[in-house]
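Colleague: I'm new to reading structures, so please pick one part of this one and take me through it slowly. I'd like to hear about a spot where helices pack, and then a little about what else is in the chain.

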Amino acid sequence: MEKILITGATGNVGLSTLKLLHGRQYSDIEVVAAVRDIERAKHIEGIADCNFCHFEFDEPATYDKALEGVTKIVLIRPNQVSDVSRYIFPFLAKAEKLGVNQIVFVSIVGAERNRIFANHRTESHFKKLSIPVTILHSSLYMQNLSTFHRHDIQDHDKINIPAGHGLVNYIDVRDVAEVIDMVLTNPIHLHQTYEICGPESLDFYQIAKLFSDELGHEIKYTRPSTIRFVRQKLLEKRQLLYVLTLSLLYSAARNGKMNYTNDIFRTITGHNPRNLADFIHEFSACWIKSETTNKPEKLKKRRLRRLL
Ligand SMILES: NC(=O)c1ccc[n+]([C@@H]2O[C@H](COP(=O)([O-])OP(=O)(O)OC[C@H]3O[C@@H](n4cnc5c(N)ncnc54)[C@H](OP(=O)(O)O)[C@@H]3O)[C@@H](O)[C@H]2O)c1
């Protein structure tokens, strides 16, 4: 009997993975969601009857109980947890000591090249461990457009991303989850690193057109500079580290480094990944203008912006 622990199980990719593995009802696999707040997690649609355990990377006292009987870990590093030597490595040391036999690490495209990324440091650290690791270098998540960038599209009819004319490849986190399922259940994927991506590379003018066509009004790509993007996101009180990480990724896109596609997803799963147009269609309700815009808040932000 395998016991799979999923960290970050209430986030983008973790939640999709949890739902998929839970839905598979494998008779020989127990799936446990490692979450910070079990009561809150139980109220998330579709996972109320999953197994949960309390776990926090920055609370080492939670590690032992979470790892009890665990044989495999889907390791999703929350963006907030960047001090990996303090919070990820000790967790991995415990996992190694307790005999975990596979880690599937959900990483990001380019992490192996970029020392600044916390995922890079984590990947380097795996070389010191005896646990077999499968690394997934995933392209950008489509879900960034329905979460982090949603407000710009929904309320301001614009895509505010500093990627110039560069092309990007987006993948749906449900497809990442499917790859995770495959690599967990077939030993040929141990010790492998896969660059997984969606079916096409597009620039943000093309992506804005997909939104305009779907929503029935113009969504403009504003092509901001990186500085402007960072300033605006900080005004919106977004987390600095995450904004800087995204800025780096969009700079890479501007410099042509996110313009790629490959067949790896198809090779692993046997079918094509979802495309962005279908994603935008499926979740179009997300970007429909909200009836109640908070006008005083908007005015306050506008004034602040003038001051900067
Ligand atoms: N965004 C992209 O385009 C992209 C692309 C490829 C790879 N990635 C990689 O994906 C990872 C992030 O995944 P995601 O987008 O699914 O994350 P996410 O949506 O931001 O979710 C983060 C998850 O981590 C949990 N969490 C936060 N702080 C925690 C802590 N101290 N201890 C334990 N759990 C904690 C959160 O739980 P709560 O519900 O309690 O907050 C949540 O479940 C990163 O490593 C990133 O490099 C991202």
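Modeller: Here's a close look at one helix pair, followed by a second pair, the sheets and the confidence.

First, some ground rules. Residues are counted from 1 along each chain, in the order its sequence is written. This is a predicted model, so local features need pLDDT of at least 70 and side-chain atom pairs count only at pLDDT 80 or more, while totals for chains, interfaces and linings use all residues.

Two packed helices are described by the angle between their axes and the distance between the axes. Axes are lines fitted to C-alpha atoms (for helices, over the stretch in contact), and angles run from 0 to 180 degrees between N-to-C directions. Helices are DSSP runs of H or I with at least four residues, strands are E runs of at least two, and both are numbered from the N terminus.

Now for the pair. H1 covers residues 12–24 and H8 covers residues 173–185; their axes come within 8 Å and cross at roughly 55°. H1 and H8 are therefore oblique to each other. The cut-offs go like this: under 35 degrees is roughly parallel, over 145 roughly antiparallel, 65 to 115 roughly perpendicular, and the rest oblique. The crossing of H1 and H8 is right-handed, meaning the near helix is turned clockwise from the far one by less than a right angle (anticlockwise would be left-handed).

Who touches whom? H1 brings residues including Val 13, Leu 20 and Arg 24, and H8 brings residues including Val 176, Ile 180 and Asp 181. Contact here means C-beta atoms, placed from the backbone, within 7 Å. The residues of this contact divide into 7 nonpolar, 3 polar and 4 charged. Ala, Val, Leu, Ile, Met, Phe, Trp, Tyr, Cys and Pro count as nonpolar, Asp, Glu, Lys and Arg as charged, and the others, Gly among them, as polar.

For another pair, try H10 (226–235) and H11 (240–254), packed at about 155° with axes 10 Å apart. H10 and H11 are therefore roughly antiparallel, and their crossing is right-handed. Phe 229 and Leu 234 of H10 are among the contact residues, as are Val 243 and Ser 251 of H11.

On to the sheets. Strands pair if DSSP finds at least two bridges between them. One open sheet has 7 strands in the order S3-S2-S1-S4-S5-S6-S10, with parallel pairing. Its edges are S3 and S10, each pairing on one side only, and the twist averages 20° from one strand to the next. Inside it, S5 and S6 share 6 bridges, with Ile 103 partnering Val 133. A mixed open sheet of 3 strands runs S7-S9-S11.

Lastly, confidence: pLDDT is the predictor's confidence in each residue, from 0 to 100. The chain's mean is 94, but pLDDT stays under 50 over residues 303–308. Where pLDDT is low, the predicted coordinates should not be read in detail.

Conventions:
Two residues are in contact if their C-beta atoms, placed from the backbone, lie within 7 Å.
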